[in-house]
Amino acid sequence: MKKDKTTQSNMKPRAPEIPIMPTPKDEALWRPLYPFESKYMMIKGFAYHYIDEQPDDSLNEDQTDCSDDTQNLFSPDEEINENNVAENQETNSSSFPKENVDLKEKQSFGSKNDRPTLLFVHGNPTWSFYWRNILIAFRKKYRVIAVDHIGCGLSEKPSAKEYPYSLERRVSDLAYLVKKLNLNNVILVAHDWGVAVGMGAAIRHSKRFSKIVLMNGGAYLSHLCPLRIRICRIPILNRIILQSFNTFALAALRSATAHPSLLTNDIRAGYLAPYDSYKNRVAVYQFVQDIPMTEKHRSYQTLKSIEDNLTLFRDKPVSLIWGMQDFCFTSEFLKRFLHFYPEADVHRIEKAGHYVVEDATDEVISILDHFINR
């Protein structure tokens with residue numbers, strides 16, 4: 001598999017300690033909507049933010065792989081070895097190699113706590129704030145985990161010289177968290193770019209995932225790319241649109257929802273808070289550039305590998321929840337997923353756009369509740 005163009009030699013050495021994260025903009029406005037304790041995991045020297053909440057009666061469960069200290073996961077100049085995050089599962093590509101499951105992990109399967117863990121993975125230009133209402137609805141019944149990709153939300157925001165911002169690296173980050181927290185009986189809930197990242201991690205740890213929920217995203221190669229996204233990939237203009245003026249995130253507050261009026265000032269502030277400067281919008285820019293439209297693109301083979309292994313979950317319960325007014329991930333993407341998962345539960349929400357959770361919060365929660373308990 002091709003390595004990221006950003007090589008080890010031009011990346012700055014990183015100390016293992018979790019840095020102090022700056023307070024995002026307008027916190028007084030959006031923080032009441034996001035009443036969660038922040039947690040951080042150092043992954044190759046960068047602070048990876050996530051929410052991890054669960055019912056009170058689960059707090060004494062030993063659900064973390066404590067084989068080493070999360071403060072010292074990697075030496076500063078150590079590459080993440082992609083071969084060390086796959087588990088005992090044959091796949092269709094060398095990008096997801098086979099590795100024997102160690103004794104500790106074998107013993108952890110079938111834990112006495114059979115309640116599932118819900119793992120939420122966001123896309124671009126959102127962050128774990130997107131899942132806030134669902135997290136609140138389910139955190140007293142299940143363990144709920146929502147991550148922020150590096151460069152997004154409350155995670156650290158390194159430059160592109162320090163961090164590759166590739167699909168391969170994002171999959172590896174999430175796969176590491178799944179293994180580090182020793183998660184089992186996981187229900188993946190993913191949206192937008194989170195679908196490709198989440199499925200990539202699930203493929204690497206397929207025995208740990210029991211159900212899949214996908215919303216308005218893709219995890220396979222496609223030639224479909226709307227004009228407004230293509231414009232954001234034009235050199236020079238893309239920097240101006242995505243980083244200088246934050247046009248992408250601002251425009252999404254209108255174009256990504258079928259009901260813009262539902263996004264009140266506090267909600268809008270929440271979405272925009274992490275992306276309040278040119279530097280802090282690096283991930284917004286890099287996500288758009290990382291769409292592999294040609295075979296020469298660095299993420300082409302990674303996405304192809306994910307596509308080739310989607311059928312690993314054909315015999316597991318899959319739910320597809322789709323906002324049918326999405327200008328980007330249209331109904332054609334839903335149809336393509338049905339090719340891989342013909343027995344999936346399908347929920348076409350006609351009056352919802354790309355931000356389907358915002359447009360149809362109660363309906364999505366009801367669908368998830370039924371799917372989890374069936």
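Buried means under 20% relative accessible area, exposed means over 50%, and partly exposed lies in between, as computed with a 1.4 Å probe on protein chains only. The model is predicted, so local features need pLDDT of at least 70 and side-chain atom pairs count only at pLDDT 80 or more, while totals for chains, interfaces and linings use all residues. Residues are numbered from 1 along each chain as its sequence is written, and side-chain values use heavy atoms, with hydrogens and water left out.

**Exercise 1.** Determine whether Arg169 and Asp173 are buried or exposed, and state where the two residues lie.

*Solution.* Begin with the pairing: Arg169 forms a salt bridge (a side-chain nitrogen of Lys or Arg within 4 Å of a carboxyl oxygen of Asp or Glu) with Asp173, and their closest N and O atoms are 3.1 Å apart. Next, place both residues in helix H4 (residues 167–180; helices are DSSP runs of H or I with at least four residues, strands runs of E with at least two, numbered from the N terminus), where they are four residues apart, about one turn of the helix. Finally, Arg169 is buried at 5% relative accessibility, and Asp173 is buried at 1%.

**Exercise 2.** Work out which parts of the chain are linked by the salt bridge between Asp369 and Lys141.

*Solution.* First, the side chains of Asp369 and Lys141 meet at 2.9 Å, N to O. Then locate them: Asp369 belongs to helix H14 (residues 361–373), whereas Lys141 sits in the loop between helix H3 (132–138) and strand S4 (143–147), 228 residues apart. Lastly, Asp369 is partly exposed at 27%, and Lys141 is partly exposed at 36%.
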